[in-house]
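Got your viewer open? Load the model below, switch to cartoon, and come along for a short tour.

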Amino acid sequence: MDNSDSEAGRALAITLARHSIHNIQPDLDVLKAGRPIYATNPDSLMRASQVIAIEFQTIAAANNYWRP
């Protein structure tokens, strides 16, 4: 996998994570109201990174699943 594939996979993982968050909290006003709280909380930011990492791992595992 070259760097462009890796970046595309990372972008996809971020998009999937964002969609997951929006599905969990569909009210955009509520979602935006919470940003000042979690945007400055290191634990919250690390958890957000973990969600993206799990999405990335899921994509990588699915890609490997289809390879011979």
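We'll start with the whole chain, then visit the pocket, then stop at a few single residues.

**Stop 1: the whole chain**

Before anything else, keep in mind that this is a predicted model. Colour by pLDDT: the mean for the protein is 84, and 93% of its residues reach 70 or more. Going element by element, the highest mean pLDDT belongs to H2, at 89, while H1 has the lowest, at 82. A general word of caution for this view: where pLDDT is low, don't read the predicted coordinates in detail.

Now colour by secondary structure. You'll find three helices and zero strands, so to trace the chain in sequence order is to read α-α-α.

Zoom out and turn the C-alpha trace around. Along its principal axes it spans about 45 × 25 × 20 Å. The radius of gyration is 14 Å, whereas a compact globule of 68 residues would come in near 11 Å.

Next, switch on the surface. The accessible area is about 5600 Å², and carbon and sulfur atoms account for 60% of it. How many of the 68 residues count as buried? The figure is 10%.

**Stop 2: the largest pocket**

Select Ala17, Arg18, Ile21, Tyr38 and Ala48 and centre on them: of the 14 residues lining the largest pocket, these lie nearest its centre. The elements giving two or more residues to that lining are H1 (3–24), H2 (28–38) and H3 (42–66). Which helix gives the most? That's H3, with six residues.

The space in this pocket is about 390 Å³. Colour the lining by residue class and you get nine nonpolar residues, two polar and three charged.

**Stop 3: Ile14 and Ser49**

Stay with H1 and pick Ile14, which lies in that helix. Is Ile14 buried or partly exposed? Buried would need a relative accessibility under 20%; Ile14 has 25%, so it counts as partly exposed. Now draw a distance from its C-alpha to that of Ser49: the two residues are 35 apart along the chain, and the separation is 9.2 Å.

**Stop 4: Ser4 and Gln25**

Move along to Ser4, also a residue of H1. Its relative accessibility is 48%, and that is why it counts as partly exposed; the cut-off for exposed is over 50%. Draw another distance, this time from Ser4 to Gln25. They sit 21 residues apart in sequence, and their C-alpha atoms are 31 Å apart in space.

**Stop 5: Ala62 and Arg35**

For the last stop, jump to H3 and select Ala62, which lies in that helix. With 33% relative accessibility, Ala62 counts as partly exposed. Add Arg35 to the selection and run one more C-alpha to C-alpha distance: 31 Å in space, with their positions 27 residues apart in sequence.

To wrap up, put your distances side by side on screen. Ile14 and Ser49 are 35 residues apart along the chain with 9.2 Å between their C-alpha atoms, while for Ser4 and Gln25 a sequence separation of 21 residues goes with 31 Å.

Note on methods
Residues are numbered from 1 along each chain as its sequence is written. This is a predicted model: local features need pLDDT of at least 70, side-chain atom pairs count only at pLDDT 80 or more; totals for chains, interfaces and linings use all residues. Side-chain values use heavy atoms; hydrogens and water are left out. On a 1 Å grid over the protein atoms alone, a cavity is a set of points where a 1.4 Å probe fits but cannot get out, and a pocket is an open set with protein on both sides within 12 Å along at least five of seven lines; lining residues have an atom within 4 Å of a point. Grid points are joined across faces, edges and corners, and a volume is the space filled by probe spheres set on the points. Helices (H or I, at least four residues) and strands (E, at least two) are DSSP runs, numbered from the N terminus. Ala, Val, Leu, Ile, Met, Phe, Trp, Tyr, Cys and Pro count as nonpolar, Asp, Glu, Lys and Arg as charged, and the others, Gly among them, as polar. The radius of gyration is taken over C-alpha atoms; the globule rule is 2.2 Å times the number of residues to the power 0.38. Buried means under 20% relative accessible area, exposed over 50%, partly exposed in between (1.4 Å probe, protein chains only). Accessible areas come from the Shrake-Rupley method with a 1.4 Å probe; for residues, only the protein chains shown count as cover. pLDDT is the predictor's confidence in each residue, from 0 to 100.
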